[in-house]
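Student: Could we go through this structure together, starting with the ligand and then moving on to the backbone?
Tutor: Happily! Let's open it up and take the questions one by one.

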Amino acid sequence: MVLYYRSTRSEQTQNLTASEAILQGLAPDNGLYVPTQMPQLKEDLATLLAKDYPAMAFSILKVFLDDFSDDDLQACIDAAYQDTFDTADITPIRSVGPHHFLELFHGPTLAFKDVALQLLPQLMVTAMKMHASDKKVAILTATSGDTGKAAMAGFADVPNTKIIVFYPQAGVSPIQKQQMITQVGQNVTVVGIDGNFDDAQTNVKHILNDNMIVKKLARNHIQFSSANSINIGRLVPQIVYYFNAYGQLVQNGTVKLGETVDFSVPTGNFGDILAGWYAKQLGLPINKLICASNANNVLTDFFTTGVYNRKRDFHLTSSPSMDILVSSNLERLLFYSFDQDAAALAKFMTTFETKGRAELPDTARQKLTDFVAFSTDEVDTLTTIRLMQTKYQYTIDPHTAVATHAAIQYSQEHKSEARPLIILSTANPYKFPEVVLHALTNHQPSETDFAAIQALSNLIELPVPKAIRRLKHAKVLHEQTIPVAKMSDLVLNTLSEDKSKSKDVKN
Ligand SMILES: *Cc1c(COP(=O)(O)O)cnc(C)c1O
């Protein structure tokens, strides 16, 4: 039996297979694709947990992406995880004191996005072959810093694809920016915009479903897709490390098989934590998913009051990848909270999109018991980095610090029912050297970028990763910045340039 995907916003008229949904990215009605029924794992938990990362990934991906053949899926997983991460465990747990950090930053760009974005291009190319498509795929991506680099690293020079990344000029860390503007690859374009991440994301969604643009591209045999976590092919690979984390703690005796655990997740677009919720639906014994936000606390308010309200100040924080007011993947959770009633969900989303604020009815709110939410301000973020360093000589990045602070708060509130708590560690601290140095030395470093990296490496035991060292001498290849209003022009120009290039080749 084939598993179908449907949009969150319309009744089930045009269901797609997994490979079709991956190619499509965003649904034409602006909804997100979700499976029409919750997949079931084919083996029991103990069997699944005994597997290594790639084998576990195969078992989980297979039930979500069931129109991929076993051979194709295995080839995708091999290409994604063989030799691309600096550890064969892919996502190792590091336990210090009572804290279990799930290190998701061992991939090529040093952020958790690699886990999914090393795999997504493989899935997309395979999907194109499955449908014998003569089209090229143009990936449009909005980034708050890490998705852009990880997506380009995955898609660079992948045949028949082209990728365009928009990042907020003032909203990414210097290292994140350096990583992006030095990206090589014939098919990559990276552009700064004069807005924030929400502007980038909103406009990318508009362009993806702009009929005039879509038709023009279709004439040139180009089809849009997305590498943001609105793409189901990005979300599903993230379910794997929740199981893998649990498996590691069972194997080392910290957790008894079947015992429940909590996860604390530094949250921006709600993709990472939503993957944890899917893991729970598949039977992973999770008690609570702790939604950790920085000063941009839309989600904290949402989970504590049921009101989704983006009408507030936007803060640039030391955890830029979470500087988000509108979290795309919340829509998928809302869809389930409305008992998969697309009309009710669409009405809620329209209210939110037009008024900037929408209130969840009580019946839907009562379905959200898997989540608790905390927000952490800038001072507590720095204090937490310093606390982990002085107590355990363990260095964490500012995003992980936000999740750690939330975990500590949650544990204090639930002392009597303590259970193992896994903190998702989403970036290597050397991606944010100024912040970490500031946290550890208590003075605002005057050094930027590479001087701060050097100073930091003198303070901590963690070696500077090669991917960071290489950046220093990497050539800047992408200096373009544009106003938000020019995003669609840029997309059209970039993609029609491509056409003239391929003509030249033929001539
Ligand atoms: C993207 C990102 C997050 C937030 O993840 P979402 O899936 O967007 O909620 C947290 N930390 C880091 C370092 C990131 O790059």
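Student: Which residues come nearest to the ligand?
Tutor: Keep in mind as we go that this is a predicted model. There are 15 residues around the ligand. The ones that come nearest are Lys113, Asp146, Gly268, Asn269 and Thr426.

Student: What is the make-up of the shell around the ligand in nonpolar, polar and charged residues?
Tutor: Glycine is grouped with the polar residues here. With that in mind, the shell divides into three charged residues, five nonpolar and seven polar.

Student: How far is a backbone N or O atom of Gly268 from an oxygen atom of the ligand?
Tutor: A polar contact is a pair of N or O atoms within 3.5 Å. Gly271 offers one such pair, with a backbone N or O atom 3.2 Å from an oxygen atom of the ligand. For Gly268, the backbone atom lies from a ligand oxygen at a distance of 2.8 Å.

Student: Which residue has a side-chain N or O atom 2.9 Å from a nitrogen atom of the ligand?
Tutor: Here we turn from backbone atoms to a side chain. The residue with that side-chain atom, 2.9 Å from the ligand nitrogen, is Thr426.

Student: How much of the ligand's accessible area does the protein cover?
Tutor: The ligand sits in the largest cavity. On its own, the ligand has 380 Å² of accessible area. The share of this that the protein covers is 98%.

Student: Why is helix 6 described as largely enclosed by the rest of the structure?
Tutor: A residue is buried when its relative accessible area is under 20%. In helix 6, the buried residues include Leu120, Pro121, Leu123 and Met124. Helix 6 spans residues 120–130, and it is largely enclosed because the buried residues number eight of the 11.

Student: Which residue with a positive phi follows helix 6?
Tutor: We are looking just past the end of the helix. The phi there is near 40 degrees, and the residue is Ala132.

Student: Is Asp83 buried or exposed?
Tutor: Asp83 is found in the loop between helix 4 and strand 4. Although not a glycine, Asp83 has a positive phi of about 70 degrees. The cut-off for exposed is over 50%. At 77% relative accessibility, Asp83 is therefore exposed.

Student: What is the relative accessible area of Gln340?
Tutor: Gln340 is in the loop between helix 15 and helix 16. It is another non-glycine residue with a positive phi, of about 60 degrees. Gln340 counts as partly exposed, and its relative accessible area is 31%.

Key
Residues numbered from 1 in each chain as written. Predicted model: local features only at pLDDT ≥ 70, side-chain atom pairs only at ≥ 80, totals over all residues. Heavy atoms only, no water. Near = heavy atom within 4 Å. Polar contact = N/O pair within 3.5 Å; in protein donor to acceptor, adjacent residues only side chain to side chain. Areas by Shrake-Rupley, 256 points an atom, 1.4 Å probe, with all protein chains shown as cover. 1 Å grid on protein atoms, 1.4 Å probe; cavity = no way out; pocket = protein on both sides within 12 Å on 5 of 7 lines; lining within 4 Å. Sits in = over half its atoms within 2 Å of the grid points. Buried < 20%, exposed > 50% of the residue type's maximum accessible area, 1.4 Å probe, protein only. Helix = DSSP H or I, 4+ residues; strand = E, 2+ residues; numbered from the N terminus.
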